[in-house]
Amino acid sequence: MFDGLRVSVRRYAARRHRDAGSVSRYLNRTRIPPWEFVSDLMHDVAEEQGAAPTPEAMELLRQLHRKALAVSGSTAQKLQLLEDQLADADREVRRSAVRERALTDALLDAQHRAADLEVQIGQLHADHDRDRSETRSALQLHEDQLGDLRDERAELLAQVEILEEELREAHTLRLRAEARCEVLERQLDAIDNLTERTDTPERGEARQGQVEDEAVSAEETLLQKVGGEYFENRVSTSRHAPVSNPRLNSKYLFETFVVGASNHFAHAAAVAAAEAPAKAYNPLFIYGESGIGKTHLLHGIGNYARSLYPGVKVQCVSSEEFTNEFINSIRDGKTDAFRNRYRDVDILLVDDVQFLSDKEVTQEEFFHTFNTLHNANKQIVLSSDRPPKQLLTVDERLRKRFEWGLVTDIKPPELETRIAILRKKAMREQLNAPVEVLEFIAARIRRSIRELEGAVLRVAAFAALNRREVDIELTNSVLSDMFSGVAVSDPQGAVTGDLVIELTGDYFGVADELLRGRDGGRVATVARQMAMYLCRELTSHSATEIGSLFDGRERTAVDRAQRRIRELMKQQGTVYEQVTELTQSITGSSLNPAVEVNAVSGGDRVDQGLEL
């Protein structure tokens, strides 16, 4: 190693402040050098070569030095070996002492922190117990006031709903009345001018004809302005040719649509959209269960608009037809023709938009079609079996656009509307069906208008083929498969509300006066909502009649109870089981509630958190 330094012995001895003779003896192998000399020499050589010695190299050199001392056998060498070992032991003691002090400090710090946490946990437990006690006392104190506030809130919400509906209807009526007033004013002005300028009867008749023509023209102009889109050449279609195949069913007219409490607002909105395209509500989104009149309203809008504006372009299509035509246009390379067909219209009617779900490419095309029409101030009307917020597999951009205008629903028809539908159907088809038979059918088929109309046609056809009179006995026999499981407790097929209240009270252990009243606490509230729901489903009573059975409540309270129970039946298995048991008890059959329920879980009978 020393040769790698390229210096003399005397010069290196002077550099390390050592005796030159001793250094010479170390290098001549006549005496084993101490470890400090070997370590310094190793570091000097490494520094000269531009690299630091590794710990492994130093340890190997140390072991060789110790072996050399052990082999030498001289007393001085043994003494040096022992001194080296003592120095190593001393260094280890000092390192251990330092580590011991550090670990002691860390242990004390951890013990102090643990003690602080114990104090904090104890304080939190004490605060939690105190807060829980105070909360329980406050809840007990305000329980009665909470029930009153809920009733007051429910009544206010009902009033808000009624006022909103009345406001929308009033707005539509105002637009139509203003248009009519302007037409009448122009007619009066024209008559005044006619009176001043008429000299002869012949001239008066000619002028009168001119006035009538001007009045008709003025009325047409105002209708177009109210509609938000001025349809040029209303009579002449040379510049505005209607769609050659609008796909409208001529039987679906507003005149043939039976209006009742369940659909009157949707009907009013549809009429307003047809009379004032892109002005009243755009888009108009109508949702409801299958078979209750959504398609009828869509075709009614198209037919009525075409009668008001003969040049208007209307296109009616289902989402399935839209999808298939779009796919075919891509296959045939005719996408431009497809887009022109649906974007060059004044009114686009799309039925069952829920079937656009999971069709990403079709949704993208419909998104651009929607934007094009809406930006051009064209009317869009959509129908679905659920509101936009529940179309979870439809693009969020489309769902938000569906809510830009008016979203309205059609509910299953009540008994009075169902009877009116059957009467109009029998009259239109010239069916020989007595009123009591129509009422008998309407009391049993509650949710689908298609099933209602199909049932009366089926009975009439059977009676005609077998040359029998249409009566209740024949009807019950022919429609026995449709009536299976329907509650029937008297010849008229009606379960009484008093029976429902009595059995529901027995089921929940609630007295009759509490069940019919407005107080009674949580259990009575649960039983009261359940009884209202069962009265609505199993009896022929209207919502107003049911409300009168419960201390004169409004029909909106009955409707809310019905919606609440339906929602809970879908979410909680216990509620579904309760309704099933009560239905079986009331009807004496294995009838299940008329609602589709997914997988559910159990729970206590009363503790469901129902609110009236």
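What follows is a friendly conversation about a predicted model and the reasons behind its labels.

Biologist: Let's begin with confidence. How do you know which parts of this predicted model to leave alone?

Modeller: The chain averages a pLDDT of 79, and 81% of the residues score at least 70. Over residues 197-209, though, pLDDT stays under 50, and the model has six contacts there beyond four places in sequence. Residues 485-493 also stay under 50, with 16 such contacts. Where pLDDT is low, the predicted coordinates should not be read in detail.

Biologist: Thanks! Now to the rings. Why is the pair of F254 and Y304 called edge-to-face?

Modeller: There are 13 aromatic pairs by the ring rule. For F254 and Y304 the centres are 5.6 Å apart and the planes meet at 70 degrees. Pairing asks for centres within 6.5 Å, and edge-to-face for planes over 60 degrees apart, so both conditions are met.

Biologist: What makes this a link between distant parts of the chain?

Modeller: F254 sits in the loop between helix 6 (201-226) and helix 7 (264-275), while Y304 belongs to helix 8 (residues 294-308), 50 residues apart.

Biologist: Why is F254 called buried, and Y304 partly exposed?

Modeller: The cut-off for buried is under 20% relative accessible area, so F254, at 11%, counts as buried. Y304 has 23%, which lies between 20% and 50%, so Y304 counts as partly exposed.

Biologist: And why is the pair of F326 and F338 called tilted?

Modeller: Their ring centres are 5.5 Å apart, within the 6.5 Å limit, and their planes are at 45 degrees. That angle is neither under 30 nor over 60, so the pair is tilted. F326 lies in helix 9 (residues 319-332) and F338 in helix 10 (residues 335-343), so the pair ties together parts 12 residues apart in sequence. Both F326 and F338 are buried, and both belong to a cluster linked by ring pairs, which also includes F285, Y342 and W404.

Biologist: How do you know that R397 lies over the face of F367?

Modeller: R397 is 3.9 Å from the ring centre of F367, and the distance limit is 6 Å, so that part of the test is passed. R397 is listed as lying over the face of that ring.

Biologist: Which residues have the most contacts inside the largest nonpolar core?

Modeller: That core has 34 residues, and those with the most contacts inside it are F254, L284, L297, I301 and L349. Helix 7 gives the largest share, eight residues. L349 touches residues including L248, I301, V314 and V381, not counting those up to four places away in sequence. Another core, of 29 residues, lies apart from it, with V526 and F550 among them. In soluble globular proteins, nonpolar side chains tend to be buried together.

Biologist: What makes strand 3 mostly covered?

Modeller: Five of its five residues are buried. I347, L349 and D351 point one way, and L348 and V350 the other. In a regular strand the side chains alternate between the two faces of the sheet.

Biologist: How do you know that strand 3 pairs with strand 2 and with strand 4?

Modeller: At least two bridges are needed; strand 2 and strand 3 have five, so they pair, running parallel. Q315 has L348 as its bridge partner there. Strand 3 and strand 4 (residues 379-384) have four bridges, so they pair too, again parallel. V350 is bridged to L382 in strand 4.

Key. Residues numbered from 1 in each chain as written. Predicted model: local features only at pLDDT ≥ 70, side-chain atom pairs only at ≥ 80, totals over all residues. Heavy atoms only, no water. Phe/Tyr/Trp six-rings, centres within 6.5 Å; stacked < 30°, edge-to-face > 60°. Buried < 20%, exposed > 50% of the residue type's maximum accessible area, 1.4 Å probe, protein only. Lys NZ or Arg CZ within 6 Å of the ring centre and 35° of its normal. pLDDT = per-residue confidence, 0-100. Contact = heavy atoms within 4.5 Å. Core = buried A, V, L, I, M, F, W, Y, C linked by side-chain atoms within 4.5 Å.
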